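Welcome! Here is a friendly walk through a structure that may be new to you. Take a look at the model first, and then read on.

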Amino acid sequence: MKHMASPVKLCFRYAAMALAVVSVCRAQEVTTETVLSQYLTIYEQNLAQIGKRYDEKLAEWPKLYVRELAAIQKRAQTAGDLEAWMAIQSELERFERDREVRAPNLVATPDLLREIQSRYQDSDTKLLAARNSETTALNDKYVSALGRLQSGLTKAGKIPEALKVNEEIRRVQGTGTASAEPEPPVLLTDPDAAAPTGAGADPDPLPAPSLVRTEAGPFTVFSGGVPPPIPGVALKPVQLYLAASSGESQSIAVGAELGFAPPGAGNSIAPGGSGTYHLRVSVRPASAASTLNLSDPRILVQYYARESSDRDSGRFMRACEDLAAIPSISQDGAVIECPAVNLSAPRTDTGLTGAAPAARELYGVVISIFSGEGRAVFQASSVPALSRIVSPGYPKNAAEIVARRAYENARERYYEARSERTKSMSDPAKETAMEEARRVYIEAQKAYFAAREAGGG
């Protein structure tokens, strides 16, 4: 079998051929718009391939890790080693909750468990870094090919066509999707789109009479007025960087506001720290002349975090994600309040590591809006590095994402009900409330595991 070139090499070999065609035909038979379209199509196809490949790897490694842990746990059981069995069980339960393996999670004993942990340590961040590297290399080749096209058109005296190519180069570099020297960041939210949604100073304590509030899964959608403030939380505009996969960004204006509530007194926006984060996303037409046709849309919000000790290392991990179908958005737009996310230090149940778990802080958020057909309408992030790794497709594990949030919420409600019942053991109402919360928790757990199994997770 002959050795085949990689898709990236092939795509730019064909791009070079297209450039040669333009030079021969003097951009008459083959227009600049046609060549630009070919370049962009090839680029997006390869970008999607990179995203698909790493999405599969990111979905696969947790299954392999759990499989290896189950195998050594079975061996410990056969050998009658209860302490090893319990240590492995604790790690399985921790991993089910955190879905990551970090240095503080490494156990002292048993040795075999520590060896497996070491092999899978930081698997998610390593894969994200590798995807980022491949995406950056692809971006560089895309910009380089555009540069050669621009140079050829300029030499041929076709300045208007060269300016069109230059506009595409500037667009790619300006959105943070290429590794070439970037231009100043582009604030996608214009002053109107980024206007506070009422959670800042001197807010009106009552929502407008026309305000419509709709619950959509863990999200809350406000339309017809200014949303009420979030008690004790000041929201401030967040700069967004458009991802290359964003579809209809010219007709839609999306703004974001973020608020931070640290543990204890005093709530303010902060660059990082353990605590609870509140995010609101505003969606409206880009201009009065734009037509916003979002029927049966979906919103996906992904939070990325890092350990405080890794602030300068460039490492980060996906902490959580939420997905839901939301009501159709009219020309007047809407404000979507996302579920609050707590990034305090993860709990530990073992005490085997000899060290307290590291505190986590927010690294950035990725906001994706899809049409009812699953087509990306808007995708952007609060950090340029995240814009380069945004997966352009609708998540294949959508059902799992939704079920996981329902499971986590039910689990927390059960823990709260159990705590309340412990305070008043003789109160039959609290006993009943705890049993009902437990029933809902078990059902949500079953639904989550079923969705994960169906999705191959």
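Asp 122 sits in the loop between H4 and H5. In this predicted model, Asp 122 has a phi near 60 degrees, a positive value in a residue other than glycine. Most residues other than glycine have a negative phi, and most peptide bonds are trans. Is Asp 122 buried or exposed? With a relative accessible area of 5%, Asp 122 is buried, because buried means under 20%.

A second backbone feature belongs to the loop between H3 and helix H4 (111-120), where Pro 110 is placed. The peptide bond leading from Thr 109 to Pro 110 is cis, and its omega is near 0 degrees.

**The chain as a whole**

Let us step back for a moment. The protein chain contains nine helices and twelve strands. Of its 457 residues, 44% are buried. If you take the contacts between residues at least 6 apart in sequence, 69% of them join residues at least 24 apart.

**Two helices side by side**

Next, find helix H2 (residues 32-79) and helix H5 (residues 123-155). Two packed helices are described by the angle between their axes and the distance between the axes. For H2 and H5, the axes come within 10 Å and cross at roughly 170 degrees. Angles over 145 degrees count as roughly antiparallel, so H2 is roughly antiparallel to H5. Which kinds of residue make up the contact of H2 with H5? The residues there divide into 19 nonpolar, six polar and six charged.

**A glutamate in helix H3**

Helix H3 (residues 82-98) holds Glu 96. Glu 96 counts as buried, because its relative accessibility is 16%. Leaving aside residues up to four places away in sequence, Glu 96 touches Arg 404, Tyr 407, Tyr 448, Phe 449 and Arg 452. With Arg 452 there is also a polar contact: the side chains of Glu 96 and Arg 452 are joined at 2.8 Å.

**A sheet of five strands**

Now turn to the sheet. Strands of a sheet pair through backbone hydrogen bonds, either parallel or antiparallel. Here five strands form an open sheet, and the order is S4-S12-S11-S7-S8 with antiparallel pairing. Which strands lie at the edges? They are strand S4 (241-242) and strand S8 (317-325), each of which pairs on one side only.

The table follows the sheet from S4 across to S8, giving the bridges in each pair and one example of bridge partners.

| Strand pair | Bridges | Example of partners |
|---|---|---|
| S4 and S12 | two bridges | Leu 242 and Ala 380 |
| S11 and S12 | five bridges | Ile 369 and Phe 378 |
| S7 and S11 | ten bridges | Ala 305 and Leu 362 |
| S7 and S8 | eight bridges | Tyr 303 and Cys 320 |

Strand S7 (residues 298-307) and strand S11 (residues 360-370) run antiparallel. Another partnership between them sets Arg 298 of S7 opposite Phe 370 in S11.

How much of S7 is covered? Ten of its ten residues are buried. Both faces take part: on one side the buried residues are Arg 298, Leu 300, Gln 302, Tyr 304 and Arg 306, and on the other they are Ile 299, Val 301, Tyr 303, Ala 305 and Glu 307. Tyr 303, buried on its face of S7, is the residue that stands opposite Cys 320 in S8. Ala 305 shares that face and has Leu 362 as its bridge partner in S11.

Strand S12 (residues 376-381) is mostly covered too, with six of its six residues buried. Between S11 and S12 there is a hairpin with five residues between the strands, and in it Gly 374 takes a positive phi near 85 degrees.

Finally, look for helix H8 (residues 398-423), which lies across S7 and S8. Relative to S8, H8 runs at about 100 degrees.

**Looking back**

Three places make good starting points for a second look. One is the loop between H4 and H5, where you will find Asp 122 with its positive phi. Another is Glu 96, a buried residue whose side chain has a polar contact with that of Arg 452. The third is S7, which is joined to S11 by ten bridges and to S8 by eight.

Terms used: Residues are numbered from 1 along each chain as its sequence is written. This is a predicted model: local features need pLDDT of at least 70, side-chain atom pairs count only at pLDDT 80 or more; totals for chains, interfaces and linings use all residues. Side-chain values use heavy atoms; hydrogens and water are left out. Axes are lines fitted to C-alpha atoms, for helices over the stretch in contact, and angles run from 0 to 180 degrees between N-to-C directions. Helices (H or I, at least four residues) and strands (E, at least two) are DSSP runs, numbered from the N terminus. Angles under 35 degrees count as roughly parallel, over 145 as roughly antiparallel, 65 to 115 as roughly perpendicular and the rest as oblique. Ala, Val, Leu, Ile, Met, Phe, Trp, Tyr, Cys and Pro count as nonpolar, Asp, Glu, Lys and Arg as charged, and the others, Gly among them, as polar. Two strands pair if DSSP finds at least two bridges between them. Contact means heavy atoms within 4.5 Å. Buried means under 20% relative accessible area, exposed over 50%, partly exposed in between (1.4 Å probe, protein chains only). A polar contact is a pair of N or O atoms within 3.5 Å; within protein, one must be able to donate a hydrogen and the other to accept it, and residues adjacent in sequence count only if both atoms are side-chain atoms.
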